[in-house]
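I opened this model to look up a few buried positions, the strand pairings and the aromatic packing. My entries follow in the order in which I made them.

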Amino acid sequence: MRFRSVSINNFRNISSAVINTDAEDIVLTGINGQGKTNFLEAVYTLCYGSSFRTSHLKEAIKHGNESFSLSAITENDRGLRENIKIIFAEGKRRIMIDDKEINDRRSLIYNFPCIVFSHDDILFVKGEPEHRRRFFDQMMSLYSPFFFDSLRSYRSILIQRNAAVKQKDKSLIGLYNERLASFGLEMMNERAEAVYGFNKIFPELFRKISSTDMNINVKYQPSWGALEDKNEIISYLEDNVERDIVLSTTTSGPHRDRFTVMCDGMPFSSIGSTGQVRLASILFRIAESEYFSMKTGIRPILLIDDVLLELDSAKRGIVLELLPAYTQAFYTFLPNESYFSAKRDNALSYEVKEGDFIDRSKGN
C-alpha cells in the first residue's frame with residue numbers, strides 16, 4: 001500500500017496543505033519546529049486513527065481552531081485506490097474509507113501497516129517496563145488480530161476486576177478471575193513466541209552495525225511465572241486476592257509482565273553507552289519491521305523521524321542500507337543532511353517552513 005497524496009487541515013502547525021506523496025521515498029528537510037514531525041504524525045494518524053505523540057487527539061488541533069481533518073488517496077499492490085478521511089471535532093473522531101464511516105480502527109490497522117521510528121523509542125531500551133510492554137503489544141497487534149482481540153478483552157476485564165477489588169466484592173472478583181486467566185494465558189503464549197522470533201533478528205542486527213560481539217537480546221519474564229495451566233492461574237489469583245484488596249489493584253498478570261534488554265546476562269541499559277542504547281532503540285524498529293514482514297508477507301510503510309542524528313555518519317548510512325523492504329518510507333532530516341549512499345532519483349523532496357511544504361524534487 002502506498003500514499004498517493006496527503007491533505008492536511010488545521011493539524012498542529014499545518015493550516016492547509018495538499019502534498020504529493022506518489023513515490024517510494026519522501027524526504028522532508030528543515031530546521032526543528034517547522035512541521036516535519038507533524039506531517040509524519042498526520043500520516044501515522046491516517047494509518048491508525050491515533051497519534052504516536054499524544055493519546056488525546058484534541059492536542060493536535062491547530063491553535064485557534066476547533067477541529068482538524070486529514071485525508072489521503074492510497075493505492076494497494078493490486079492498483080485499487082481508496083480515500084481515507086479522519087475528522088476530529090467536538091471531542092470525537094470520525095474515520096471514513098471511501099465516504100463510508102467505520103467504527104473499528106481494525107479496518108485501518110490491517111489495511112495500512114505503518115511503523116514509526118522516533119526519539120521516544122529510546123525508552124524501549126532504558127525506560128520503565130511499560131514502554132517495552134507497549135512496544136511488543138503494538139508489534140504483535142500489527143500482525144495478529146487474534147492477539148489484538150485478546151489484548152482488548154484482557155484490558156476490559158482487568159478494568160472490571162480492579163473495580164471489584166476496590167469495592168472488596170469477592171463474588172465479582174471470582175467471576176472475573178476465569179476470564180482474566182483465559183485471555184492472559186493466550187497473551188503469555190503469544191508474547192513468548194514473539195520474543196523468541198524477535199531474538200532471531202535483533203541480536204544479529206546489533207552485532208552487525210555496532211561491530212561488536214556483544215550478546216544482546218530481550219528476556220521475557222511473565223508475571224505469572226511458570227504457570228502454564230488456566231486452573232493454576234485461577235488458583236494463584238484466588239490465593240492472592242487479599243493482597244489485591246489491600247493494594248486496591250490486580251497485582252499480577254500480563255499487564256505486569258517484564259521485557260528486559262539483556263547483554264551478557266546484565267541489563268543492557270546499565271552497561272551500554274549512550275550511542276549503543278540509541279542504536280539498539282533504532283534496531284528495535286528495524287527488527288519489528290522484519291518480523292512483521294516475515295509473519296505476514298507484507299511490506300510496511302516506514303516513518304523515520306530524525307532518529308539518526310545521534311549516530312556517527314558511518315552507522316547512519318549502514319542503518320539506512322539495512323532498512324527492511326518497505327512499500328514507502330518517509331524521512332525527516334535537518335538541512336544539508338544526506339544519509340543515502342546513492343542518489344534516489346525517484347524520491348520526492350520537500351523543504352518544510354512554518355507548516356508549508358516547498359517541493360525541492362529534481363531541483364524544483
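**Entry 1: S118**

I began with S118 and listed its contacts beyond four places in sequence: F52, R278, D305 and V307. The model is a predicted one. I then looked up where S118 sits, and found it in the loop between β8 (114-117) and α3 (123-126). Is S118 buried or exposed? Its relative accessibility is 9%, so S118 counts as buried, the cut-off for that class being under 20%.

**Entry 2: S71**

I turned to a second serine, S71, which is part of strand β4 (residues 67-75). S71 has 18% relative accessibility and therefore counts as buried. I noted that this value is under the 20% limit for the class. Setting aside residues up to four places away in sequence, I found S71 touching S5, V6, S7, L46, I84 and K85. I also checked the separation of S71 from F333: the two are 262 residues apart along the chain, and their C-alpha atoms are separated by 24 Å.

**Entry 3: β5, β6 and β7**

I84 and K85, both touched by S71, led me to strand β5 (residues 81-89), which runs antiparallel to strand β6 (residues 92-97) and is joined to it by six bridges. I looked up the partner of F88 and found R93 in β6. The hairpin of β5 and β6 has two residues between the strands, and there E90 takes a positive phi near 55°.

I followed β6 onward to strand β7 (residues 100-102). These two also run antiparallel, with three bridges between them. Which residue in β7 stands opposite M96? I found E101 there. The hairpin of β6 and β7 has two residues between its strands, and D98 has a positive phi near 50°.

**Entry 4: the sheet of β9, β10 and β11**

Next I looked up an open sheet of three strands, and recorded the order β9-β10-β11 with antiparallel pairing. Which strands stand at the edges? I noted β9 (216-221) and β11 (266-267): each has a single partner strand, so one side of each is left without a neighbour in the sheet. I counted six bridges between β9 and strand β10 (residues 258-263). One position I looked up in this sheet was I216, which stands opposite C263 in β10.

I then looked for helices lying across β9 and β10. Helix α4 (residues 129-143) is one of them, running at about 100° to β10. Helix α7 (residues 202-210) also lies across β9 and β10, at about 155° to β9.

**Entry 5: aromatic residues**

How many aromatic pairs does the structure hold? I recorded 22. F135 and F136 are one of them: their ring centres are 5.0 Å apart and their planes are at 90°, so I entered the pair as edge-to-face. I looked up burial for both, and F135 is buried with a relative accessible area of 0%. F136, at 0% relative accessibility, also counts as buried. For Y331 and F333, the ring centres are 6.0 Å apart and the planes are at 25°, so that pair is stacked. Y331 is buried, with a relative accessible area of 0%, and F333 is buried at 4%. I also listed one aromatic cluster, which is formed by F124, F135, F136, F198, F202, Y220, F259 and F284.

**Entry 6: the largest nonpolar core**

I checked which members of the largest nonpolar core, a set of 119 residues, touch the most other members: F3, F39, F136, F268, F284 and Y331. Helix α6 (residues 170-198) gives the most to this core, with 11 residues. I followed up F39, whose contacts beyond four places in sequence are V6, I8, I14, I19, T21, L28, F330 and F357.

**Entry 7: D25**

Last, I looked up D25, which is in strand β3 (residues 25-29). D25 has 6% relative accessibility and so counts as buried. Which side chain makes a polar contact of 3.0 Å with that of D25? I found Y331, one of the core residues noted in the previous entry. Beyond four places in sequence, D25 is in contact with Y326, A329, Y331, R344, A347 and L348.

Methods. Residues are numbered from 1 along each chain as its sequence is written. This is a predicted model: local features need pLDDT of at least 70, side-chain atom pairs count only at pLDDT 80 or more; totals for chains, interfaces and linings use all residues. Side-chain values use heavy atoms; hydrogens and water are left out. Helices (H or I, at least four residues) and strands (E, at least two) are DSSP runs, numbered from the N terminus. Buried means under 20% relative accessible area, exposed over 50%, partly exposed in between (1.4 Å probe, protein chains only). A polar contact is a pair of N or O atoms within 3.5 Å; within protein, one must be able to donate a hydrogen and the other to accept it, and residues adjacent in sequence count only if both atoms are side-chain atoms. Contact means heavy atoms within 4.5 Å. A nonpolar core is a set of buried Ala, Val, Leu, Ile, Met, Phe, Trp, Tyr and Cys residues joined through side-chain atoms within 4.5 Å. Two strands pair if DSSP finds at least two bridges between them. Axes are lines fitted to C-alpha atoms, for helices over the stretch in contact, and angles run from 0 to 180 degrees between N-to-C directions. Rings of Phe, Tyr and Trp (its six-membered ring) pair if their centres lie within 6.5 Å; planes under 30 degrees apart count as stacked, over 60 as edge-to-face and the rest as tilted.
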